[in-house]
Amino acid sequence: ADAMAAATAAPRAFVGADCFGAAAARAAAAALESAGFAVTWLAKPRDGTSDPAALPYYEAAEKVASRVACDPGINPCDAEGLPRRVGVLACGTGAGVCMVANKHPGIRAAVCLGADDAADA
């Protein structure tokens with residue numbers, strides 16, 4: 001019963017950003033919510049802060065990547081073979097969060113400049 005409920009539940013998106021990527025992450029989270037994802041913020045800088053030390057990019061990447069790791073026991077796939085959990089990370093350039101996230105087994109993080117990039121990634 002638990003496996004069936006997990007398979008039919010809305011896909012989940014975990015979001016994290018530093019102060020430089022907060023606006024992009026908020027826009028991505030809103031788009032994912034509109035597409036039916038259950039969005040959970042794991043790392044969100046305080047509103048109005050521009051202090052990179054408030055939430056370093058590497059902390060955001062660690063939190064999101066650890067929840068999205070591609071492991072059948074943690075992140076089962078749906079009927080089309082797509083993961084039920086995805087992550088969105090944003091920092092000043094995207095490069096920093098990708099480097100940190102890609103250190104996690106099963107994570108394939110890429111810098112995406114738009115929806116087409118994300119769909120192809």
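These are my notebook entries on a predicted model of a single chain.

**Overall make-up**

I began with the secondary structure and found five helices and three strands in the chain, which follow one another from the N terminus as α-β-α-β-α-β-α-α. I then looked up burial, and of the 121 residues of the chain 31% count as buried. The accessible surface comes to about 7100 Å², and carbon and sulfur atoms account for 57% of that area. For the contacts between residues at least 6 apart in sequence, I noted that 64% join residues at least 24 apart.

**The sheet**

Next I traced the strands, which form an open sheet in the order 2-1-3 with parallel pairing. Strand 2 (38-43) and strand 3 (85-90) each have a single partner strand and stand at the edges, so one side of each is left without a neighbour in the sheet. I also recorded the twist: neighbouring strands are turned against each other by 25 degrees on average, with direction ignored. Following one pairing in detail, I saw that strand 1 (residues 12-17) joins strand 2 in the parallel sense over five bridges, and that Val 15 has Trp 41 in strand 2 as its bridge partner.

**Helices against the sheet**

I then asked which strands helix 2 touches. Helix 2 (residues 22-34) packs on the sheet with contacts to strand 1, strand 2 and strand 3, and its direction makes about 160 degrees with that of strand 2. Helix 3 (residues 57-68) likewise lies across strand 1, strand 2 and strand 3, and I noted that it runs at about 170 degrees to strand 3.

**Nonpolar cores**

Turning to the interior, I found that the largest nonpolar core has nine residues in all, among them Ala 13, Val 15, Ala 29, Leu 32, Val 39 and Val 88. Strand 1, helix 2 and strand 3 are the elements that give two or more residues to this core. I followed Val 39 further, leaving aside residues up to four places away in sequence, and found that it touches Ala 13, Val 15, Ala 29, Leu 32 and Glu 33. A second, separate core holds six residues, including Phe 14, Val 64, Ala 65 and Ala 101. As background I wrote down that nonpolar side chains in soluble globular proteins tend to be buried together.

**His 104**

Is His 104 buried or exposed? I located His 104 in the loop between helix 4 (95-101) and helix 5 (115-120), and its relative accessibility is 16%, so it falls under the 20% limit and counts as buried. Beyond residues up to four places away in sequence, the contacts I listed for His 104 are Glu 62, Ala 65 and Ser 66; of these, Ala 65 also belongs to the second core.

**The tyrosine pair and Ala 95**

My search for aromatic pairs returned a count of one. The pair is Tyr 57 with Tyr 58, edge-to-face, at 5.4 Å centre to centre and with 80 degrees between the planes. Tyr 57 has a relative accessible area of 33% and is partly exposed, and Tyr 58, at 42% relative accessibility, also counts as partly exposed. Lastly I looked up Ala 95, which has its place in helix 4 and is partly exposed, with a relative accessible area of 36%. Ala 95 and Tyr 57 are 38 residues apart in sequence, and I noted a C-alpha to C-alpha separation of 9.9 Å in space.

Definitions and conventions
Residues are numbered from 1 along each chain as its sequence is written. This is a predicted model: local features need pLDDT of at least 70, side-chain atom pairs count only at pLDDT 80 or more; totals for chains, interfaces and linings use all residues. Side-chain values use heavy atoms; hydrogens and water are left out. Two strands pair if DSSP finds at least two bridges between them. Helices (H or I, at least four residues) and strands (E, at least two) are DSSP runs, numbered from the N terminus. Axes are lines fitted to C-alpha atoms, for helices over the stretch in contact, and angles run from 0 to 180 degrees between N-to-C directions. Contact means heavy atoms within 4.5 Å. Rings of Phe, Tyr and Trp (its six-membered ring) pair if their centres lie within 6.5 Å; planes under 30 degrees apart count as stacked, over 60 as edge-to-face and the rest as tilted. Buried means under 20% relative accessible area, exposed over 50%, partly exposed in between (1.4 Å probe, protein chains only). Accessible areas come from the Shrake-Rupley method with a 1.4 Å probe; for residues, only the protein chains shown count as cover. A nonpolar core is a set of buried Ala, Val, Leu, Ile, Met, Phe, Trp, Tyr and Cys residues joined through side-chain atoms within 4.5 Å.
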